[in-house]
Each structure stands twice: as structure tokens, then as C-alpha cells.
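Please work through the following exercises with the structure at hand. Each task is followed by a solution in steps.

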Amino acid sequence: MVTRADIENMYEKAKTAVVKATNLQQLDQVRVEYLGKKGKITSVLKTLGQLTPEERKEIGQAANKIRQNLESDITDRQEELSREEVAKRLAAESVDISLPGRERVYGHRHLISQVIKEITDIFIGLGYKVAEGPEVELDYYNFKALNTPADHPARSLQDTFYIRKAGVHPADDDIVLRTHTSPVQIRVMKSQEPPVYIIAPGRAFRRDVPDPTHSPMFHQVEGLAVDKGITFGDLKGTLEEFSRQMFGRKSQVRVVAREAFEAGIAEDGPQIRLRPHFFPFTEPSAEVDVRCFACGGVGCRICGSGWLEILGAGMVDPNVLIEVGYNPEEVSGFAFGMGVERIAMLLYGVPDIRMFFENDTRFAEQF
Amino acid sequence: MLVSINWLKDYIDFDLSPEELADKLNLTGTAVESVKHLGQDLGNVWVGIILDIKPHPNADKLSLATVRIDRPETLEIVCGAKNIKVGDKVPVATVGAHLPNGMDIKPAKIRGVTSYGMLCSRAELRMGADHSGIYILPDDVEVGVPLAQALSLDDTIIELEITPNRPDCLSMLGIAREVGAIEDRKLHKPSVDLTECFEKTSNVASIKIIDPDLCPRYSARIIRKVKIGPSPTWMQQRLEKAGMRPINNIVDITNYVMLETGQPLHAFDFNTLHGGKIVVRRARNGEHLETLDGVVRELDESMLVIADADRPVALAGIMGGEDTEVSDKTADILLESAYFEPSSIMRTSRSLGLLSEASTRFEKGTDPNGTIYAADRAAAFMAEFADGSVDKGVIDVYPKVIEPKKVPLRADRVNAILGTDLSLDGIVNILNRLELTAEVISNTTEMWVLTPTFRPDLEREIDLIEEIARIYGYNNIKSTLPKSGDKQGGLNLRQKLAESVKDRLVGAGLSEVLTYSFMDPNDVDKLQVPQGDPLCWFVRLLNPLSEDLSVLRTTLLANLIKVLKYNVNREQYDVQIFEVGHTFWHESGKDMPDEETMLGIAMTGAWKSDKWYDKARSIDFFDLKGAVESVLDELSIANWSVRQFTHPALHPGRSAELLIDDESIGYFGELHPNVQSDFDIPRTYVAELSFNRLIDNAKMQKEFSEIPKYPSIILDIAVLVDDPISNDQVLGVIEAAGKPLLKSARLFDLYRGKGVPEGKKSMAYSMVFRTPDRTLTDEEAFNAREKVVGRLGKELGAEIRE
């Protein structure tokens with residue numbers, strides 16, 4: 001006959017077995033041994049019917065209690081073992097996090113494309129569209145319609161690549177490699193009525209022998225605004241806003257300049273400076289200096305004077321407006337142009353313009 | 001233009017430092033290249049006079065000079081040079097001087113005698129290379145003054161860049177006028193005090209202009225019995241500061257007056273002019289003239305010459321002739337002061353490749369009404385500094401007087417263009433400062449502005465507006481933004497797509513490059529392109545920089561291949577690049593060249609490098625095709641296909657043409673081994689596709705399609721087929737036979753080798769079966785698969801591999 005002591009003894013043994021179980025399998029064996037259908041405690045409970053009601057009550061209660069205790073012991077142990085097992089697995093699975101990640105191969109946009117995009121985005125924000133045109137251009141669009149005098153030095157065989165030239169005197173259908181992206185302005189104005197707000201990024205060509213600062217091919221971004229009541233003040237304001245975003249305080253990327261401004265090193269003055277200049281297709285014309293983004297305008301190794309010459313600009317010459325069929329008494333406009341390579345060289349410290357067209361992968365990967 | 005500040009002050013008063021002046025000039029349109037302070041490092045260098053020379057007591061080669069500067073006591077200076085004598089005036093560096101050559105002067109004991117300074121050579125002062133002895137100064141310098149002052153080196157030179165529209169600024173008076181306008185000060189134009197002799201100029205010389213279109217005015221004076229010699233020191237110094245070499249008094253005077261007034265002058269040796277005649281005419285074809293630089297020039301009838309009775313004696317406005325040059329023996333001078341048609345001078349100067357101080361002024365436009373003043377000024381100097389006597393009167397041939405222009409100007413227009421609020425008085429004031437006279441039409445804000453002939457650039461209202469803006473100050477104009485609010489910026493759809501394709505290729509591992517729009521015409525031979533192929537329809541430059549940049553590129557490939565080569569030569573072996581750019585061709589019979597935007601791709605080397613988790617793999621055809629497919633995917637182009645393609649530059653078994661519907665878009669493949677060896681590059685894969693046509697075919701309208709509600713059944717199939725059978729063929733049969741339950745099929749294994757008979761390959765496909773409206777049964781899927789197996793066997797002779 002099972003006594004209460006037997007049951008308690010059984011429990012003690014079971015408890016020891018639970019503690020000794022070192023994995024979930026062993027623990028399950030313990031559970032089957034004591035609590036399974038044929039388990040020891042189950043068996044005791046099955047024999048309760050043979051006992052007197054008093055014994056049944058006493059033994060039954062004791063056995064049930066022990067069963068409950070054991071069940072809870074097993075559950076506890078189970079959780080403990082699970083935790084241990086997870087911990088073990090985690091320990092075994094740990095990696096050297098300092099190994100390099102698996103490479104996702106990607107390339108790079110050319111630095112010139114990146115700078116053009118940066119410039120373009122700013123002008124898009126100011127309400128400009130992007131216009132394009134051919135690189136092989138008629139004299140008419142490249143020179144004549146832009147009010148370039150017949151004997152202007154830029155028209156010489158020294159300075160401009162010609163594909164067709166009728167004679168000493170310029171002819172409208174002489175063919176050149178465009179020397180600027182300004183002919184796009186003429187093409188746009190001839191194809192639509194004002195208002196016009198465009199920029200024209202693209203390749204331009206001048207007959208320069210390659211050296212660290214010259215290239216027979218380079219990129220320009222030209223801009224043109226023609227509308228009722230456009231003023232020289234609008235030109236200034238537009239370039240000022242562009243310069244702030246591109247080079248100055250509003251620039252997200254030009255950290256040096258921002259720091260220079262914030263530290264109060266820079267004179268808190270205007271962002272740009274205009275110097276009168278001469279271009280055939282604009283009047284009044286100006287060369288535009290931008291406050292040096294490296295030093296904020298106090299003068300440094302890059303700028304010398306605190307100013308960097310970046311743009312040429314001016315009010316569209318009335319002759320140009322007349323040429324495209326606009327009435328200069330009704331509309332006025334401004335135009336500007338900038339060399340992308342020069343800006344990229346200044347912004348990124350590129351020492352030699354030829355590097356842009358050598359396309360060394362070690363150059364491309366830096367940007 | 002080099003401007004001496006001291007000289008400038010002869011004509012205009014201003015209270016600005018050279019730097020301030022430079023700044024103001026810069027901001028009003030006269031660009032300043034540099035500001036140079038002369039004599040800056042000549043502190044403690046004085047003019048001294050040698051009172052005594054004794055031998056050094058302890059050294060044979062040295063002597064001991066006693067020198068006086070401005071103090072009563074004298075200095076003892078040890079000296080090694082032998083070219084000094086008592087009474088010579090010499091530069092003396094006293095204790096504390098820091099010489100331009102870096103030497104510091106301290107009291108020094110030399111062989112037992114203390115020397116309190118140094119007598120200087122030109123080299124030590126960096127005033128030339130002459131090391132041979134002490135710099136003996138001219139006799140007329142004052143003892144005791146700083147050397148810089150004695151040599152007029154207490155001066156600043158501002159170098160100006162004069163734009164071609166401002167020929168008036170190629171003179172000291174022109175610059176002074178600018179400064180006057182900026183500072184609102186009056187110009188002092190030197191008055192000419194000329195004493196003429198009795199003889200009338202017109203009695204001895206005659207002048208005839210045959211071609212007044214090229215020479216609207218010719219003025220001349222005769223100066224007799226000149227004594228050729230050096231010009232005064234001050235004049236020589238000024239010429240040197242302006243970058244000109246002093247020659248003799250006559251030539252120096254013509255140059256000086258040119259620098260002063262902007263009017264080029266030429267002095268002929270009058271007695272060498274045949275017949276005492278000046279004839280201004282076009283040259284005759286085949287005529288010759290030996291110019292002052294000693295070159296014999298062949299002339300033609302486009303060129304204007306100055307001739308005498310018999311022959312050309314000068315290239316008008318450009319350079320004089322050797323035969324009539326002023327020499328030591330010259331006694332009588334014919335002084336030319338003329339106005340030539342600018343474009344004629346420019347053309348002749350260009351065609352002869354001959355530039356001079358005169359031609360650079362004439363070709364931009366001198367003042368036709370300034371000839372007499374300059375001639376008189378020079379004649380007066382020749383009387384004063386060459387003892388000449390000036391004949392009475394000027395011969396002045398000026399058939400059609402060039403009058404100042406009258407240009408209309410509206411004050412309202414000024415403000416409308418500039419965005420300013422200038423008053424009528426303010427505008428008139430600025431004009432007056434520029435020596436422009438304004439006649440305001442009463443009761444209006446409109447005026448007539450008289451623009452002097454020295455300002456040929458001022459012809460239109462807008463020219464005057466620029467002048468007003470310049471002097472008012474560009475930087476004083478308020479910044480605004482265009483008022484129009486209804487403008488919308490942005491890229492158009494094609495531009496957006498172009499950007500997204502480039503970004504996609506970057507995401508696919510390729511880097512963008514930019515190469516020249518030029519190419520080397522010989523590269524098409526390396527590409528094995530036959531004569532007559534469109535790639536040989538070159539657009540040729542008339543004036544290329546060199547043969548290898550002499551045509552526009554007909555293909556992107558040659559330049560891209562060269563980029564690979566450039567990198568491989570620099571041990572960068574794994575290069576994957578693309579370029580989007582124009583190609584150009586000129587079809588015979590067509591008037592204009594054509595250009596088109598192309599996408600070029602080039603790849604060589606390995607796809608990634610060896611890694612701890614993976615080995616490098618050489619790039620192959622399918623890396624290239626993958627890049628092409630990524631572009632098609634970016635543009636959502638589905639209706640594309642490839643077909644076998646032969647191109648002389650490509651490997652015949654590894655090249656393909658890309659078609660969209662039936663239109664050819666371009667080709668891609670491995671470079672032919674011969675091409676690789678001609679370019680000397682490793683195995684390379686290239687593509688060239690029409691970027692425009694890709695963009696044309698972009699499918700931008702996308703539409704939602706139902707996401708499957710019911711599960712799919714995926715069944716695999718592996719078949720043995722003959723080697724020449726293509727994936728497209730197998731897939732075609734599978735897709736046709738599997739309909740309608742088959743939703744997609746994908747090749748997941750391709751195998752040749754052990755277990756597969758020679759000439760065969762094993763291809764394994766994964767097929768997805770599904771119905772849209774219910775759950776598919778296994779039986780249905782298996783039946784569909786059986787149908788596929790049957791058709792593959794029947795149509796392609798494929799054996800099923802279980």
C-alpha cells in the first residue's frame with residue numbers, strides 16, 4: 001500500500017531528477033516517468049479507488065499536491081533549460097561583427113553630373129525649367145543671334161572649333177561646336193512666347209589646348225529669364241539666392257562655410273559681388289564673384305581676396321530680344337552662365353580640369 | 001594696361017590709397033589684375049656720393065670708400081668693386097636695410113675695418129642682372145634722398161584689364177576720366193604750349209587719302225632739325241613703368257603721348273619719304289614692306305598702307321617701315337596722327353599675326369577727334385626735348401567729320417531696367433561725370449545724350465543705362481526676385497527618365513563617365529569598321545587641336561574603351577562604366593550633321609574582388625546583358641527581344657541586337673579578340689544603345705493587377721536538349737504549352753558535362769501554375785506539366801530528365 005511517506009519520497013526523487021535533467025529531452029523523460037499515463041504518480045492516483053475514503057482523501061490530496069508541485073517544478077525547469085539552450089545557441093551563433101559586410105556593388109555619378117544636378121535643383125526650386133540643344137551649332141545661334149560682332153575674337157579659328165566656314169566673313173550657316181550653351185536660349189525664345197525661365201546645362205567647346213585649367217570641352221550652365229518687368233535687381237536677387245543655396249549659409253553640404261559664418265569669422269555681408277564687364281549678348285553685363293565658401297569671405301588660400309569669380313551675367317541685350325522676335329519695350333530679361341568644372345574644382349579641391357575627362361576610377365569613387 | 005599712380009595724379013586728384021582705387025575701379029568695370037608697390041624693399045637705401053676712396057689696409061682687393069648721405073658725418077664702407085670713382089652717386093644701403101636679394105645690412109668688421117653699410121650693384125637691388133660693379137646713378141639725382149624716390153620707385157603700378165568695348169581706357173587720360181567719374185572730380189587735361197616756326201607744313205609735305213573708308217582722318221606735323229638722343233629721365237621712367245622700352249627722344253615721345261592720350265603716333269624720317277608725300281591707300285597685291293621688326297611682309301589689297309610717292313612706307317596703324325624709321329641721323333620728322341577704321345586694322349593685324357601697341361588701340365577704336373591734340377602735344381615735346389622746330393600748322397585730311405552721337409534716354413527706362421528709383425537729376429549728374437552732355441526735353445523725363453567720339457561704345461539707350469548702373473554701383477542696386485508668381489520649374493518627363501536610367505545604372509554597379517565629344521578617326525579602324533560604314537561618316541573639324549581629336553565621335557565605344565585602357569594601365573582592372581552622350585555623323589548630301597543621344601556601356605575585369613565570403617568572378621556577356629536589362633526594367637519596357645547580331649567589332653558568338661517591338665535600339669556584346677588586341681585591352685564587353693529610342697519606349701502608365709488570392713503550385717522540369725537550342729526556344733514552347741494555368745517559368749539551372757551527352761545540355765525550369773478563381777489541384781498542375789513535357793519532346797526533341 002502506498003503511504004504518504006512513499007509519495008513524498010517519490011516527489012523528492014522526482015524533484016532531484018528534474019534538477020538533474022540537463023536538457024529538455026531528459027526533462028520530458030522525467031515528466032513521463034512520473035506524470036505520464038503510466039507514470040509513477042499517475043499510477044498512485046489510479047490506485048486511489050482501492051483505498052478507504054479516509055485514506056483516499058489523505059493520500060489523494062497528498063498525491064495531487066505533489067503532482068501539482070512536480071508539474072510546476074518541471075515547468076520552471078523547462079523555462080530555465082529553454083533559456084539556457086537559447087543562450088547557448090546565441091553564443092554559438094555570434095559573429096565577428098568587424099568583418100566587412102557583403103558588398104552591394106554600386107557605381108558613381110560623374111562629379112560634373114552631380115554638380116549640374118545640384119545647380120539644376122536650386123533653379124528648379126526658383127521656378128526654372130531645363131532646356132537642351134545640339135552641340136553642333138549654326139553660327140547664327142552661337143554668335144550672330146547673340147549679338148556677337150562679325151570680327152569678335154571668339155569667332156576666330158584660334159578660339160572656336162569650326163566644322164564649316166564659308167569664308168573670312170562669318171555666315172549664318174557656318175557650323176561650329178557651340179562655344180557656350182547660350183544658343184539654347186535663342187532656340188527656346190524662338191520657339192515660345194515669354195515668359196521664359198530656363199536653365200541650359202551642357203557641353204561647350206573652345207579651342208584650348210588641355211592644361212590644368214583649360215580643356216577643349218567643358219560644361220556650362222546658362223540661365224535665362226525673360227518676362228514683363230524683369231530688372232537688374234532681379235538678376236542680382238536670383239544669383240544671390242542661388243549662391244546662398246549653392247555656396248553659402250543655406251547650403252546643406254558646405255560645412256566649412258557654415259562654420260565660418262556661424263563662428264562669426266565671416267563678415268556678415270552680401271553673398272555676391274558684381275563687377276561691370278562686357279559681353280556681347282548682355283547689357284548691362286557683370287562678372288559675379290561669390291563670397292568664398294571655404295573661408296566665408298575673409299580671404300584664404302583658395303580665394304585670396306575672399307571672393308571667387310564664378311559667373312558671368314547681365315540683362316539680355318535688346319538686340320537679342322529683337323532678333324528672336326520679342327519686343328524689348330514689353331519684356332526684359334536677364335541671362336547668366338557658369339562653368340561647371342570651375343565650380344567643381346573649387347568646391348571639391350580638384351587640382352586639374354583634365355581629371356574630369358580621364359575618368360580614373362579612383363577619382364570617380366571619391367564622389 | 002599698366003597705370004602708374006604718380007603719373008595718374010598728373011591728371012586727376014583723388015584721396016584714395018592704391019588699394020582703394022583698385023577696388024573702386026574693379027567695381028565700376030575696369031578689372032584690376034594686380035597692384036604692385038615699387039621700391040617697397042628699398043628702405044634704408046639712399047643716394048650717396050663718394051667723397052674719397054682709399055685702399056683697405058689689410059686687403060689688396062678691397063677698398064675703403066668714404067660716402068656722404070644726408071648727414072654731416074660720413075660713412076666708411078668697405079667695397080670690393082673697382083668701377084667707382086670720387087664724385088660718383090651710388091646706392092648706399094645703411095645699417096637696417098633689408099635688400100631685395102635678401103641681404104640684411106649690419107655693421108661688420110671686414111679684415112679688421114668696420115664697414116657701416118654697403119654700396120649696391122643692380123643685381124643686389126634686383127634691378128637687372130648686372131653684377132659687374134656698383135650701380136652708378138645718373139648725375140641729376142639728389143644726394144641724400146631715398147633711392148626709391150630718386151628712381152621714382154615710390155610709386156604703385158596698377159595693372160588693368162581693359163575690355164574691348166572701352167578703347168578710351170587704353171590711355172592715362174582715359175583712366176583718369178574714369179577715376180574722375182567715380183570720384184566726381186574734374187580731369188586736368190594738359191594744355192599744349194606749342195611754338196611754331198614760320199615755315200608752313202603744307203608747303204613741304206602733302207597728304208592724300210585714297211581710301212577714306214579705311215582712313216577717315218590723317219593729321220600730320222613736321223618737326224625739323226631734331227637732335228636724336230635720350231629722352232628725359234622722368235619720361236623714360238614712366239615708359240618703363242608702363243612696360244615699354246625707352247629708345248630715343250623721338251620714339252619715346254610718340255609712345256609717351258600714345259600712353260597719355262590713347263592716340264598712336266608714328267614718326268617718319270621725313271627726308272626718307274620720296275616726294276615729301278604721304279599717300280594712304282590699299283596695298284597692291286604682291287607689294288612688299290619691311291616692317292620695323294625686320295620682317296619683309298607680303299601685302300595684299302585688303303591691307304591699308306601709308307605710302308610715299310613711290311612705295312609703301314608703313315603698315316597703316318600697325319607698324320612702320322624699316323626704310324623710313326627714325327635713326328641717329330634723322331633731322332626732320334613727319335609726325336603721323338591718324339584715325340583708321342578699326343575692323344580693317346584688326347583684319348590686317350590678324351592676317352599678318354602682327355600686334356603692336358598701336359594696332360591694339362586702333363582696332364578697338366581711337367578718338368577720330370583726338371588726332372590734333374596728340375600731334376600738338378608730341379610736337380611740343382619734340383621742340384622741348386629734341387630741340388626741334390615745329391612747322392606752322394597741321395596738315396589735316398578729314399573729308400567727313402565724325403560727329404558725337406545723340407542718343408535718346410528715358411529716365412523711366414533706366415529705372416525699369418535697373419530696378420532702381422533714380423531721379424532725373426541723379427541720372428544727369430552721373431552722365432555729366434562721364435563727360436556726357438544731357439539735353440533734357442522740357443517737361444519730360446526724357447533727354448538727348450551727346451556721346452563723345454572717344455566713347456564709340458555708347459550708341460544706344462541701353463549703353464547709357466549700363467554707364468549709369470556702373471557709376472551708381474551695381475552693388476548699390478537692391479536685390480529682388482522676379483515678381484511673376486505663375487512659373488513652375490521642373491524637369492520634363494524625358495529628363496526625369498534620363499536621370500532615373502543613369503541612377504539605375506549606378507545602382508547596378510556602373511560608374512558614369514564623361515569623355516570628349518571628339519574621337520580619333522583611326523579608332524574606327526581599330527573597331528574593324530569597314531569603309532563606308534555609318535561609323536565613318538565623320539563630322540570633321542576644320543581646325544582640330546590634333547589628329548586624335550579631329551572628328552566628332554560617331555560612336556561612344558572608342559572613347560569608353562580608352563577609359564578602360566587608361567584604368568587598366570594604372571592597375572585598375574575591374575572597370576564598369578557607362579556614358580550618356582551625343583554621337584555625330586554627317587550623311588553625304590545632307591546639309592547639316594546629325595547628332596543623337598546614345599547610351600554606351602563598357603565593362604572589363606572581375607565582378608567584385610575576392611572577398612572573405614566569395615571569390616571574384618570574371619565579367620561575362622550576361623553581366624552586360626543584366627545591365628542592359630536593368631535599363632529596360634527601369635523604363636518598364638517589356639516588349640523587347642534580342643537577336644543574333646554580327647558587327648565587325650564584336651565576337652560573333654557573343655553579340656546581340658536589342659529590339660523593342662521590331663525596332664532596333666542598338667547592340668551589345670563582347671569585343672572581338674582582334675579589336676581587343678588592337679586597343680591592347682583585356683576581354684571587354686560593350687553596349688551602344690539609342691538613348692532617345694529607349695526613352696521613347698518607356699512605359700510610364702502603370703496599372704494595378706490583382707495579387708493572387710489562391711496558392712500556386714510550383715513544379716520543376718529538367719530537359720536535355722541539343723546545344724544550339726536556345727533558352728528562348730525552350731521557354732517559348734513551355735509558355736505556349738503551359739497555358740492557361742502556367743503563370744511563369746524561369747530557368748534555374750544550366751548544365752553541360754558529366755552525365756550529359758556531348759552536344760547536349762541540361763536545362764532546368766521552375767514553373768508556377770495557378771488559377772485566379774480557386775485553389776488549383778495537384779492533378780491539374782501535373783497534367784499541365786505533362787503537356788509541357790510532351791510538347792518539348794515533340795517540338796524540340798527534348799528528353800525529360802527525372
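The exercises below treat the two chains and then selected salt bridges.

The model is predicted: local features need pLDDT of at least 70, side-chain atom pairs count only at pLDDT 80 or more, and totals for chains, interfaces and linings use all residues. Residues are numbered from 1 along each chain as its sequence is written, chains are lettered from A and ligands numbered from 1 in the order in which they are written, and side-chain values use heavy atoms, with hydrogens and water left out.

**Exercise 1.** Describe the overall form of chain B.

Solution.
- Step 1. Chain B contains 21 helices and 41 strands; these are DSSP runs, helices being H or I of at least four residues and strands E of at least two, numbered from the N terminus.
- Step 2. With a radius of gyration of 42 Å, well over the 28 Å that the globule rule gives for 802 residues, chain B is more spread out than a compact globule. The radius is taken over C-alpha atoms, and the rule is 2.2 Å times the number of residues to the power 0.38.
- Step 3. Along the principal axes, the C-alpha atoms of chain B fill a box of roughly 130 × 85 × 60 Å.
- Step 4. Of the 802 residues, 53% count as buried (under 20% relative accessible area; exposed is over 50%, partly exposed in between; 1.4 Å probe, protein chains only).

**Exercise 2.** Set out the corresponding values for chain A.

Solution.
- Step 1. Chain A has 13 helices and 10 strands.
- Step 2. Its radius of gyration is 42 Å, whereas a compact globule of 367 residues would have one near 21 Å.
- Step 3. The C-alpha box of chain A is roughly 130 × 45 × 40 Å along the principal axes.
- Step 4. In chain A, 53% of the 367 residues count as buried.

**Exercise 3.** Are Arg275(A) and Asp289(A) buried or exposed, and how are they linked?

Solution.
- Step 1. Their side chains meet in a salt bridge, 2.8 Å from N to O; the term requires a side-chain nitrogen of Lys or Arg within 4 Å of a carboxyl oxygen of Asp or Glu.
- Step 2. This pair links distant parts of the chain, 14 residues apart: Arg275(A) is in strand β7 (residues 272-279) and Asp289(A) in strand β8 (residues 282-291).
- Step 3. Arg275(A) counts as buried because its relative accessibility is 7%, and Asp289(A) is buried because its relative accessible area is 3%.

**Exercise 4.** Where do Asp121(A) and Lys117(A) lie, and why do they count as partly exposed?

Solution.
- Step 1. Both residues lie in helix α5 (residues 111-125) of chain A, 4 residues apart, about one turn of the helix.
- Step 2. The closest N and O atoms of their salt bridge are 3.3 Å apart.
- Step 3. Asp121(A) is partly exposed because its relative accessibility is 40%; Lys117(A) is partly exposed because its relative accessible area is 42%.

**Exercise 5.** Characterise the salt bridge between Lys241(B) and Asp155(B).

Solution.
- Step 1. The closest N and O atoms are 3.0 Å apart.
- Step 2. The pair links distant parts of the chain, 86 residues apart: Lys241(B) belongs to helix α6 (residues 233-241) of chain B, and Asp155(B) to the loop between α3 (147-150) and β10 (156-161).
- Step 3. Both Lys241(B) and Asp155(B) are buried.

**Exercise 6.** How many salt bridges does a search of the whole structure find?

Solution.
- Step 1. The search finds 82 over all chains.
- Step 2. A network of salt bridges links Arg166(B), Asp168(B), Glu178(B), Arg455(B), Asp457(B), Glu467(B) and Arg470(B).
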